[in-house]
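Colleague: Could you take one part of this model and walk me through it closely? I'd like the packing and the burial in one go.

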Amino acid sequence: AFYQTRRRSRQHYTLPAYPGSPHYGTTAPKFKYKKVIGDHMQRVDWMERYQRRVEHWEKEFERNRALHGQKIRCRRGCDDCCHQLFQITELEAAQVSRGVRQLPADLQDLLRSRATAYQQKRAELVASRGQVESWGALQPEGLRLPCPALLDGACTIYDSRPMICRK
């Protein structure tokens, strides 16, 4: 299928932002596009589709947890994965941004400052391995940096966390 945006509406959309990004706090995009199918168009809400995918992912994780029990170590208090370097999509960034905006103002400010420091440290870590970070590139092995949303061993944006954090 071919996707296109309405040109007039696109001017009003802004990029999603994560804490610490220069666009943080701006309006999150609606992610509504028109799907061209033959001679008619159908409206697609990407955030709704993303939420359905998240729900499916959660059900599959619970199914696997029931099948494999103790072999899956993910549980409250485990934050090993929260120190991995990974990339997220714009839809996930929009979801994270929504989650952060629902937090108290003092916690939002804390996350913003932590995210700014995180971005700088992350760039330094990746550069120390002689690599340039680009979308889709695998991160060098062995690099660890705690997620800026990790506070006292718990995720402050747990309900809005990206898909990679749901594995």
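Modeller: Sure, here is a close look at one helix, its packing partners and then a buried arginine.

Keep in mind that this is a predicted model. The helix I'd pick is α3, residues 90-101. Its 12 residues should span 16 Å at 1.5 Å a residue, and the end C-alpha atoms are 16 Å apart, so the expected and actual lengths agree.

Now for its surroundings. Mostly covered is the right description of α3, with nine of its 12 residues buried. Those are Leu 91, Glu 92, Ala 93, Ala 94, Gln 95, Val 96, Ser 97, Gly 99 and Val 100. What do they pack against? The buried residues of α3 have α2 and α4 (105-128) as partners.

Take α2 (residues 46-68): its axis and that of α3 are 11 Å apart, at an angle of about 90 degrees. Angles of 65 to 115 degrees count as roughly perpendicular, so that is what α2 and α3 are to each other. On the α2 side, the contact uses Trp 46, Met 47, Tyr 50 and Gln 51, while α3 brings in Leu 91, Glu 92, Ala 94, Gln 95 and Arg 98. By character, the residues of this contact split into five nonpolar, two polar and two charged.

Tyr 50 also leads us to Arg 161, which touches Tyr 50, Glu 58 and Arg 166, leaving aside residues up to four places away in sequence. Arg 161 sits in the segment after β5 (154-155). Its relative accessible area is 7%, so Arg 161 is buried. A polar atom of the Arg 161 side chain lies 3.5 Å from the backbone oxygen of Cys 165.

How values were computed. Residues are numbered from 1 along each chain as its sequence is written. This is a predicted model: local features need pLDDT of at least 70, side-chain atom pairs count only at pLDDT 80 or more; totals for chains, interfaces and linings use all residues. Side-chain values use heavy atoms; hydrogens and water are left out. Helices (H or I, at least four residues) and strands (E, at least two) are DSSP runs, numbered from the N terminus. Buried means under 20% relative accessible area, exposed over 50%, partly exposed in between (1.4 Å probe, protein chains only). A polar contact is a pair of N or O atoms within 3.5 Å; within protein, one must be able to donate a hydrogen and the other to accept it, and residues adjacent in sequence count only if both atoms are side-chain atoms. Contact means heavy atoms within 4.5 Å. Axes are lines fitted to C-alpha atoms, for helices over the stretch in contact, and angles run from 0 to 180 degrees between N-to-C directions. Angles under 35 degrees count as roughly parallel, over 145 as roughly antiparallel, 65 to 115 as roughly perpendicular and the rest as oblique. Ala, Val, Leu, Ile, Met, Phe, Trp, Tyr, Cys and Pro count as nonpolar, Asp, Glu, Lys and Arg as charged, and the others, Gly among them, as polar. The expected span of a helix is 1.5 Å times one less than its number of residues.
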